[in-house]
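Colleague: Could you walk me through how to read a model like this one? I'd like the general idea each time, then the case at hand.

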Amino acid sequence: MAQTTDTAVKSRFELAPLPYGYDALAPAISEETMRFHHDKHAAGYVAKLNELITGTPWASMSLSEIILKSEGAVFNNAAQIWNHEFYFAGLSPRGERRPKGPLRDAIEVGYGSFERLKEEMIAAATGLFGSGYVWLVETPSGGLEVVTTTNAGNPMCDGMRPLLCIDVWEHAYYIDYRNVRAEAVKAVWECIDWAVVDARYQNKR
Ligand code: MN
């Protein structure tokens, strides 16, 4: 086979492996859900984006650059890759279950307490109509905010810096919780690794 230097010929993006075992977050998130979520849904967005961008100017851009500049199918698939890797990386079977240091202080300033933030994020996730994500973000002015996005939306498109997201697409919970999203979100909340979120807040991603 002929050698080629055309990098667009090979797959531009690859899905990051799950940073823990498929069954590591059970029973909050079952192995079956994880296998479908990571290996079918998230991997599907990667395959689709690679298909869409091969041979186009998008193929030479970073994922974040594509997200900020694209729309339609390219945006949807690129943002879904980013959102899923961010979501999976924010969970851990043996993580810190509370924020520390500067993020803990910022949460206390913005929300009064960690428990109030938890209530607000769970309420936002439960109340979001349709598919999307609930996020903890740092705003351009340096404050914290809980925001929701629909479908593949990502708050970086609004100038926010994502710190944490919870996926509330039905594919994230329907196998385990059927239609009871509130229970799914409460269970996922207990899997958040606040050491990761602390590091993101302190720019050590
Ligand atoms: Mn998902």
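What follows is a chat about the metal site, the helices, the sheet and some backbone details.

Modeller: Before we start, keep in mind that this is a predicted model.

Colleague: Okay, let's begin with the metal. Which residues coordinate the manganese ion?

Modeller: For the general idea, ideal angles at a metal are 109.5 degrees for four tetrahedral donors, and 90 or 180 degrees for six octahedral ones. In this model, the manganese ion is held by NE2 of His37, NE2 of His84, OD of Asp167 and NE2 of His171, at 1.9 to 2.1 Å. Water is not among the atoms, so the site may look incomplete.

Colleague: How are the donor residues of the manganese ion spaced in sequence?

Modeller: The pattern reads H-x46-H-x82-D-x3-H. One pair links distant parts of the chain: histidine 84 sits in helix α3 and histidine 171 in the loop between β3 and α6, 87 residues apart.

Colleague: Are histidine 84 and histidine 171 buried or exposed?

Modeller: Buried, both histidine 84 and histidine 171.

Colleague: On to helix packing. At what angle do α1 and α3 pack?

Modeller: Look at the angle and the axis separation together. Helix α1 (residues 31-53) packs on helix α3 (residues 72-89) at about 145°, and the axes are 9 Å apart. The crossing of α1 with α3 is left-handed.

Colleague: Which residues of α1 and α3 meet there?

Modeller: From α1 the list includes Met34, His37, Tyr45, Leu49 and Ile53, and from α3 it includes Val74, Ile81, His84 and Phe88. By type, the residues of this contact split into 13 nonpolar, 5 polar and 1 charged. Notice that His37 and His84 are in this contact and also bind the manganese ion.

Colleague: Now the sheet. What is the strand order?

Modeller: Generally, strands of a sheet pair through backbone hydrogen bonds, either parallel or antiparallel. Here there's an open sheet of 3 strands, ordered β2-β1-β3, with antiparallel pairing. β2 (144-150) and β3 are the edge strands, each pairing on one side only. From one strand to the next, the twist averages 25°.

Colleague: How many bridges join the strands?

Modeller: β1 (residues 132-138) is joined to β3 by 6 bridges, and β1 is joined to β2 by 7. To check the register on the β3 side, tryptophan 135 has cysteine 165 as its bridge partner, and leucine 136 stands opposite leucine 164. On the β2 side, glycine 132 is partnered with threonine 150.

Colleague: What connects β1 and β2?

Modeller: They make a hairpin with 5 residues between them, and glycine 142 in the turn has a positive phi of about 95°. Threonine 139 is in that loop too. Its relative accessibility is 11%, under the 20% cut-off, so threonine 139 counts as buried. Leaving out residues up to four places away in sequence, threonine 139 touches Glu145 and Met160.

Colleague: What lies across the sheet?

Modeller: Helix α4 (residues 101-111) lies across β2 and β3, at about 85° to β2. As for β3, 6 of its 7 residues are buried.

Colleague: Which residues of α7 are buried?

Modeller: Arg181, Ala184, Val185, Ala187, Val188 and Trp189. Their cover includes α3, α5 (114-127), β3, α6 and α8 (194-201). Take alanine 184: at 4% relative accessibility, alanine 184 counts as buried. Apart from residues up to four places away in sequence, alanine 184 touches Tyr173 and Tyr177.

Colleague: Last topic, the backbone. Where should I look for unusual torsions?

Modeller: As a rule, most residues other than glycine have a negative phi, and most peptide bonds are trans. The peptide bond from alanine 26 to proline 27 is cis, with omega near 10°, and proline 27 lies in the segment before α1. Asparagine 151 has a positive phi, near 50°, and is in the loop between β2 and β3. Arginine 178 also has phi near 50°, this one in the loop between α6 and α7.

Colleague: Are asparagine 151 and arginine 178 buried or exposed?

Modeller: Asparagine 151 counts as partly exposed because its relative accessibility is 45%. Arginine 178, with a relative accessible area of 51%, is exposed.

Conventions. Residues numbered from 1 in each chain as written. Predicted model: local features only at pLDDT ≥ 70, side-chain atom pairs only at ≥ 80, totals over all residues. Heavy atoms only, no water. Axes fitted to C-alpha atoms, helices over the stretch in contact; angles between N-to-C directions. Helix = DSSP H or I, 4+ residues; strand = E, 2+ residues; numbered from the N terminus. Left-handed = near helix turned anticlockwise from the far one by under 90°. Contact = heavy atoms within 4.5 Å. Nonpolar A, V, L, I, M, F, W, Y, C, P; charged D, E, K, R; others polar. Donors = N, O, S within 2.8 Å, 3.2 Å for Na, K, Ca; no water. Buried < 20%, exposed > 50% of the residue type's maximum accessible area, 1.4 Å probe, protein only. Pairing = 2+ DSSP bridges.
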